[in-house]
Amino acid sequence: MSSPAELGIQYLKGVGPRRAALLERLGVRTVEDLLHYYPRDWQDRRETADLSLPSAAEVVVVRGRVLRAGARAAGPSLSIYKATLATAHGKVDCVWFKHLSRRFDVLASLKKEVAEGADLWVVGRADPDLVGVREIRVEEHYPIADERWRLHVGRLTPIYALTEGIGQRFLRELVDAALSRAADAAPDAVPRELAASRRLLAAPQALRGVHFPRSAAELEAARARLAYEELLLLELAWILKRRQTAGLAKPHRYEVTRRLLTPFRAGLGFELTAAQKRVINEIFDDLRRPSPMTRLLQGDVGSGKTVVAVSALLLAVENGGQGALMAPTEILADQHRATLERTLKGLPVRVASLTSRTPKAARVKTLAAAAAGGIDLLVGTHALLEEDVRFKSLRLAVVDEQHRFGVRQRTTLRRKADLIDLLVMTATPIPRTLALALYGDLEISTIDEMPPGRVPVRTELADESAAFAAVRREVAAGRQAYVVYPIIEESPALDLRSAKAEHARLSAEVFPDLRVGLIHGALPAREKARAMEDFAAGRVQVLVATPVIEVGIDVPNATVMVVQSAERFGLASLHQLRGRIGRGAAQSYCFLVGEAAGDGARARLATLAATSDGFRIGEEDLKLRGPGELLGTAQSGELSLRVADLVRDAGLLADARADAAKLLSDDPALREPAHALLRRRLLALYQSRWNWIDLA
Ligand code: ADP
Ligand code: MG
């Protein structure tokens, strides 16, 4: 072997067994891990230029000579140390607050380091009540006599994610030691020609630059280099995953007999939109190919993805196979089952469902039937992924609201049978480039048209009384309403109204004459199902809910939605929530009630009021919050991106995609010595995480 980077972390000075164990919690085992433990942020700790404009949020950095210093008694458990510094801005008082300890003298090192005549850097916060900073509450200080201050102050300073027992100061010095020891010899995963053609920094410079940048420009160049590497690995992984499926031949073939499709379509009561017909054709074409289908169906909330999914599932059944439909919540799984039973009435299709709350006896029966071929379509939640769920002849699995699931779960479902076809659906529309990065192994079909006759939902910021008046008016006209709260139960930590408490208030005080239902994720399965059935059947007029209804729920007679504490929700969530109404031909109304505290919240809510275009809202949300938030951590964590940002680095992403394709066409299994490290990283990052095996 072996480069110094592969050394265990305990070979660095200051790391004993205790700290090694703590570092392991951060995923740092080797010197190499440490080199790749990038900062989560960089703080500008150059000397503060203007002390006359203090802001409580800002860190103030000064350097100067100690004029006088000493401890002040402050209380039974606290002691205060004060020093006056002569700085470029004149005299500045600095205060250290220290908790007393019985075991050692917490002021001892302060007394030594912050003594009269000493030169110091001080980092802290200004007292916001004073005009002009004259007093700083010290957070960190560094004696100039110790050269190591250069790692911590007077520069763009790295800020790391920490764990208990590991501080910023220690970690910075440790990273510095790792860099001195191993950066120059750090193996470079990006092949040299590529780095040259993309004008990227070499690994040693990039690692130094990301941890201890000498300028903002250097930081950006370093970050870009490391981001490129991550994106290259991601794109390689996607191509390989895709190639793996493309090389397979599935055992079944499809023939479109329309034996079930025709009566299904005839019974729908509406004509499919042109977009629905187009995507059904895309899916059918794909199904008829010899290799398994892996396709993403995108379509805004309410665009009618369910009938597309059912059409595909029926094709599987027409051909003597079975289909599975997986949804992220029980409520949605129940609804899908009800929809299937309703729209397939009279057709020879046997439907069953399975969730984690299915009673034992029913579960045993369902499992046996699925395995024996006594069920044609099985609907369910994550429960479908369990080991003991087996099928006789599963051909097609559909994953609804797939952004709620991860790549791994998707792959697990596929393993349920040899080489099945997979259709995943999402109502979180995102730009195509981003979709390719996130779902790189999928072909994409898009429904870009709403069923006819939809009236856009009218959305406004409102106060509660106006919103409730509208609820009354609509209910009087025979319609129904949702009132959504961000949390199930009151909590001392959050000053928010909750679904449970408000359900009591709304039924007793606000709408005593109406039937007010309640639904949230913590209800037992049976109660959830009953609440949804009552609402769908019109027996309940006002449904108090949590965001559990955000995905998929379809009750076209509901025309009002009141979102309480709307500022607590992200744009994409609000859009999904609002998608529960406006599903019929009647005008619907969405009221966003809340604090609208801060410009951010107000701007978000205004965007929502101004447009109902899910693509635009998705893009806006991406800009505001980044893909992690939008898509859920399950998915973004899976991509192993630490510095790359799929939105900001769209250009790098395109480069990486092209380069990955070229690399693999020249060297399909990454066998060349120049690609050895790339191959190793690729397997380390994605093989187990994606439940994905091939690089033979
Ligand atoms: P989503 O894409 O959000 O899953 P759904 O499949 O739940 O949307 O469909 C929303 C509503 O629109 C349902 O009530 C469905 O029956 C109805 N729908 C679907 N396609 C059409 C169509 N072509 N014309 C009229 N209504 C339709
Ligand atoms: Mg849906």
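# A walk through the structure, starting at Ser291

Let's begin at one residue: leaving out anything up to four places away in sequence, Ser291 touches Thr245, Ala246, Leu248, Lys250, Asp286 and Asp421. Ser291 sits in the loop that joins α10 (274–287) to β8 (294–299). Is this loop residue buried or exposed? The cut-off for buried is under 20% relative accessible area, and Ser291 comes in at 18%, so it counts as buried. Keep in mind throughout that this is a predicted model.

One of the partners of Ser291, Asp421, leads on to His252. The side chains of His252 and Asp421 make a polar contact at 3.1 Å. His252 is also a loop residue, placed between α8 and α9 (261–267). Its relative accessibility is 7%, so His252 counts as buried too. Beyond four places in sequence, His252 touches Arg395, Leu419, Ile420 and Asp421.

Now zoom out to the whole protein. There are 24 helices and 20 strands, and the C-alpha trace spans about 95 × 70 × 45 Å along its principal axes. Of the 696 residues, 55% are buried. The exposed surface comes to about 30700 Å², with carbon and sulfur atoms supplying 51% of it. If you take the contacts with a separation of 6 or more, 73% of them join residues 24 or more positions apart.

How is the protein divided into domains? Domain 1 is built from two stretches (1–44 + 171–186), domain 2 covers 46–154, domain 3 again has two stretches (261–287 + 304–426), and domain 4 runs over 458–611. Taken over C-alpha atoms, the centres of domain 2 and domain 4 are 51 Å apart.

What about the interior? In soluble globular proteins, nonpolar side chains tend to be buried together. Here the largest nonpolar core has 95 residues, and Leu23, Leu34, Leu232 and Leu378 have the most contacts inside it. Helix α8 (residues 216–246) gives the largest share of this core, with 14 residues. Domain 1 and domain 3 both contribute residues, so this core lies between them. Apart from it there is another core, of 41 residues, with Phe264, Val308, Val398 and Leu423 among them.

Leu34 is a good place to look inside the largest core. Setting aside neighbours within four places in sequence, Leu34 is in contact with Ile9, Leu12, Val28, Leu171, Leu174, Val175, Ala178 and His211. The last of these, His211, is one of the buried residues of helix α7, along with Ala203, Pro204, Ala206, Leu207, Gly209 and Val210. That makes 7 of the 9 residues of α7 (residues 203–211) buried, so the helix is largely enclosed by the rest of the structure. And what does α7 pack against? Its buried residues pack against α2 (31–35), β1 (41–44), β7 (156–159), α5 (168–182) and α8.

Next, the ligand. Ligand 1 is surrounded by 17 residues, of which Gly302, Lys305, Thr306, Arg454 and Asp554 are the closest. Three polar approaches are worth picking out on screen. A polar backbone atom of Gly302 is 2.6 Å from an oxygen atom of ligand 1. Thr306 brings a polar side-chain atom to 2.6 Å from a ligand oxygen, and a polar side-chain atom of Arg454 lies 2.7 Å from an oxygen of the ligand. Taken alone, ligand 1 exposes 560 Å², and the protein buries 87% of that.

We can finish further along the chain, with Met561 in strand β19 (residues 558–563). How buried is Met561? Its relative accessibility is 0%, so it counts as buried. Outside its neighbours within four places in sequence, Met561 is in contact with Tyr482, Val484, Ile549, Leu577, Arg578, Arg580, Ile581, Tyr589, Cys590 and Phe591. Met561 and Phe468 are 93 residues apart along the chain, and their C-alpha atoms are separated by 9.8 Å.

Val593 is the last stop, in the loop between β20 (589–592) and α20 (598–610). At 8% relative accessibility, Val593 counts as buried. Not counting residues up to four places away in sequence, Val593 touches Ala462, Asp463, Glu464, Ala467, Val562, Val563, Gln564, Ser565, Ala566 and Glu567. Asp513 is 80 residues away from Val593 along the chain, with 23 Å between their C-alpha atoms.

Definitions and conventions: Residues numbered from 1 in each chain as written. Chains lettered and ligands numbered in written order. Heavy atoms only, no water. Core = buried A, V, L, I, M, F, W, Y, C linked by side-chain atoms within 4.5 Å. Buried < 20%, exposed > 50% of the residue type's maximum accessible area, 1.4 Å probe, protein only. Helix = DSSP H or I, 4+ residues; strand = E, 2+ residues; numbered from the N terminus. Domains from an automatic or database assignment. Contact = heavy atoms within 4.5 Å. Near = heavy atom within 4 Å. Polar contact = N/O pair within 3.5 Å; in protein donor to acceptor, adjacent residues only side chain to side chain. Areas by Shrake-Rupley, 256 points an atom, 1.4 Å probe, with all protein chains shown as cover.
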